[in-house]
Amino acid sequence: MTVTAANPLAEQVYNRLKEDIFNFRLLPGDNFTETEMALSYGVSRTPLRDALFRMQREGYLDVGFRRGWKVRPIDFDRLDNLYDLRIVLEMAALERLCQNPDPSPGLEELNAVWLVPEEQRESEAVKVAELDESFHTNLVAAAGNEEMTRIHTEVTEKIRIVRRLDFLKKNRVLATYEEHGKILKLIAKRKATEAQILLRAHITQSKLEVRKITIWMLAEARQEQVQTQT
């Protein structure tokens with residue numbers, strides 16, 4: 001069976017749409033038509049529609065008959081539930097890792113990233129966000145349960161819209177390096193309970209931080225939008 005390659009232009013439009021939503025250039029509740037967006041992006045309707053329906057499937061947009069498209073509001077209760085599910089999965093992964101007598105090769109790769117001198121640490125927010133996501137994803141993958149890894153990957157995608165905001169403050173970058181390093185050292189010592197306590201606190205603090213920053217950024221972006229329109 002022949003597999004049809006993804007439309008490169010639709011992929012570009014998809015990435016641009018997601019970036020506009022992530023950076024609050026398209027705000028929750030904003031409405032737009034396909035014609036307006038096609039003109040704004042300088043593309044035809046076909047690749048645009050491919051990208052829009054992909055964003056709809058992923059939960060970022062809603063579409064209504066004769067009402068056009070709408071950026072879906074951020075559901076903080078749903079995000080809280082996803083963060084709670086993430087904690088459950090990662091706690092289980094830590095338990096498995098600490099019970100394994102042989103160190104996982106995946107952990108060695110994480111050690112090479114997070115157990116480094118301060119002068120070798122990444123400081124750029126976007127890059128740290130990518131490294132942080134990779135840390136937690138690979139931590140679960142290292143436990144060796146494919147179904148747990150699959151579900152965790154899905155959760156990671158759904159919270160990405162706010163999670164990356166956690167690294168806009170320097171103190172959060174520093175805390176992430178310190179806490180990730182401590183978690184890895186505790187796993188190496190097979191101290192599951194201590195590692196789980198630290199991991200739970202680490203994720204819970206991140207959840208609180210991104211909620212505060214998201215609400216603030218939304219208010220700022222909405223105010224700028226109002227000023228532009230007046």
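In this predicted model, the side chains of Lys 207 and Asp 84 are joined by a polar contact of 3.4 Å. Lys 207 sits in helix 9, which runs over residues 192-229. With a relative accessibility of 17%, Lys 207 counts as buried, because the cut-off for that label is under 20%. Leaving aside residues up to four places away in sequence, Lys 207 touches Asp 80, Tyr 83 and Asp 84.

Lys 207 also turns up in the lining of the largest cavity, along with Phe 76, Leu 79, Asp 80, Tyr 83, Val 162, Val 210 and Arg 211. Helix 4 (76-99) and helix 9 are the elements that give two or more residues to this lining. Helix 4 puts in the most, with 4 residues. Sorted by class, the lining of the largest cavity comes out as 5 nonpolar and 3 charged residues, with no polar ones. The space inside is about 50 Å³.

A search of the whole structure turns up 2 cavities of 30 Å³ or more. The second largest holds about 40 Å³ of space, and its lining is made up of Arg 86, Asp 132, His 136, Asp 166, Phe 167, Arg 172, Thr 176, His 202 and Ser 206. At least two of these lining residues come from each of helix 6 (125-142), helix 8 (170-188) and helix 9. Here the split by class is 1 nonpolar, 4 polar and 4 charged.

Another buried charged residue is Glu 34, found in helix 2; its relative accessibility is 9%, so Glu 34 counts as buried. The side chains of Glu 34 and Arg 49 make a polar contact of 2.6 Å. Besides Arg 49, Glu 34 touches Arg 45, Leu 48, Leu 52 and Trp 69, again not counting residues up to four places away in sequence. Glu 34 and Leu 52 are 18 residues apart along the chain, and 8.8 Å separates their C-alpha atoms.

Helix 2 (34-41) is also among the packing partners of helix 1, whose buried residues pack against helix 3 (45-57), strand 2 (61-64), strand 3 (68-71) and helix 7 (146-163) as well. Those buried residues are Ala 10, Val 13, Tyr 14, Leu 17, Lys 18, Asp 20, Ile 21 and Phe 22. Helix 1 has 15 residues (8-22); at 1.5 Å a residue it should span 21 Å, and its end C-alpha atoms are indeed 21 Å apart, so the two values agree. At the N-terminal end, Asn 7 acts as a cap, with a side-chain oxygen 2.9 Å from the backbone nitrogen of Leu 9. Just after helix 1, Phe 24 adopts a positive phi of about 60 degrees.

Key
Residues numbered from 1 in each chain as written. Predicted model: local features only at pLDDT ≥ 70, side-chain atom pairs only at ≥ 80, totals over all residues. Heavy atoms only, no water. Expected span 1.5 Å × (residues − 1). Buried < 20%, exposed > 50% of the residue type's maximum accessible area, 1.4 Å probe, protein only. Contact = heavy atoms within 4.5 Å. Polar contact = N/O pair within 3.5 Å; in protein donor to acceptor, adjacent residues only side chain to side chain. 1 Å grid on protein atoms, 1.4 Å probe; cavity = no way out; pocket = protein on both sides within 12 Å on 5 of 7 lines; lining within 4 Å. Points joined across faces, edges and corners; volume = space filled by probe spheres on them. Nonpolar A, V, L, I, M, F, W, Y, C, P; charged D, E, K, R; others polar.
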